Amino acid sequence: MTSSLHRYGDGNMEKAKVLLTEAGISASNPLTLEIWYSSSSTKRNLVANTLKAAIEKEMDGMVVIEPKSVEAATLFDNLDKGTYPSVLLDWYPDYFDSDTFIEPFMSCEKGSASTGCESGQSQTGGSFYYSEKANQLIQQQRAEQDPTARKQQFEELQDLLAEDVPYIPLWQDKDYVFAQNDVEGVEIQPSQQFFFWQIKK
């Protein structure tokens, strides 16, 4: 993998303060950021409130975080309309291939650098990310037969994600399954799916 995986680090609050100050943000003129999430998600409630506590503690009043929740159906109904300035979401793959971790987030059928994504996956997902280079790389990797060349295309896509920052990765779940010794076939697939039909005693 490329160095793009390490660009985010653990956060540099001092650098953030400098950049915010340059943008005219201060304790007397703070940046207020709404973080929306599904009201049925205990996990996202905890994440939003942890972000609020950590950021407000470290940023000396320059940033005010406002966690806001809404019913899941409403949240997803409004996601593609640009209703929310930021949203906490998680992702589970549809199939076991790198494409399912990239195409839904970066592809856009219609848009431009100035307007953002007007129609396509990134508009549906609420980021409105548009990159002609990303669109080209996504199409190339979908047609590529050489695994080494395809890996390089994904590394370029990762670099674009790290550079353009349409999303901020916060956590990755680790799932556990427990079963008694006489139960066989209990396992989580690499795609995070759980196949009940393969379980037997």
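Trp91, Phe105 and Tyr167 form one aromatic cluster. The model is predicted. The exercises start from this cluster and move on to helix 7 and Lys17.

**Exercise 1. Classify the aromatic pair of Phe105 and Tyr167, and state which parts of the chain the pair ties together.**

Solution.
- Start with the search. The whole structure holds 5 aromatic pairs.
- Take Phe105 and Tyr167. Their centres are 5.3 Å apart, with 80° between the planes.
- Apply the cut-off. Planes over 60 degrees apart count as edge-to-face, and this pair is edge-to-face.
- Place the rings. Phe105 lies in helix 4 and Tyr167 in the segment after helix 7, so the pair links parts 62 residues apart in sequence.
- Check exposure. Tyr167 is partly exposed, at a relative accessible area of 24%.

**Exercise 2. Decide how the rings of Phe195 and Trp197 are arranged.**

Solution.
- Read the geometry. The ring centres are 4.5 Å apart and the planes are at 20°.
- Apply the cut-off. Planes under 30 degrees apart count as stacked, so Phe195 and Trp197 are a stacked pair.
- Add exposure. Trp197 has a relative accessible area of 69%, so Trp197 is exposed.

**Exercise 3. Test the span of helix 7 (residues 147-164) against the expected value, then describe its ends and its packing.**

Solution.
- Compute the expectation. The rule takes 1.5 Å times one less than the number of residues. For the 18 residues of helix 7, that gives 26 Å.
- Compare. The end C-alpha atoms are 26 Å apart, which agrees.
- Look at the start. A side-chain oxygen of Asp146 comes within 3.1 Å of the backbone nitrogen of Thr148.
- Look past the end. Val165, just after helix 7, has a positive phi of about 50°.
- List buried positions. Among them are Arg150, Gln153, Phe154, Leu157, Leu160 and Leu161.
- Relate this to helix geometry. An α-helix has 3.6 residues a turn, so residues three or four places apart point the same way.
- Find the partners. The buried residues of helix 7 pack against helix 4 (103-106) and helix 6 (132-143).

**Exercise 4. Is Lys17 buried or exposed? Identify its contacts.**

Solution.
- Locate the residue. Lys17 sits in helix 1 (residues 13-22).
- Test burial. The cut-off for buried is under 20%. Lys17 has a relative accessible area of 13%, so Lys17 is buried.
- Find the polar partner. The side chains of Lys17 and Glu14 make a polar contact of 3.2 Å.
- Go further along the chain. Leaving out residues up to four places away in sequence, Lys17 touches Glu58, Met59, Asp60 and Met62.

Conventions. Residues numbered from 1 in each chain as written. Predicted model: local features only at pLDDT ≥ 70, side-chain atom pairs only at ≥ 80, totals over all residues. Heavy atoms only, no water. Helix = DSSP H or I, 4+ residues; strand = E, 2+ residues; numbered from the N terminus. Buried < 20%, exposed > 50% of the residue type's maximum accessible area, 1.4 Å probe, protein only. Contact = heavy atoms within 4.5 Å. Polar contact = N/O pair within 3.5 Å; in protein donor to acceptor, adjacent residues only side chain to side chain. Phe/Tyr/Trp six-rings, centres within 6.5 Å; stacked < 30°, edge-to-face > 60°.
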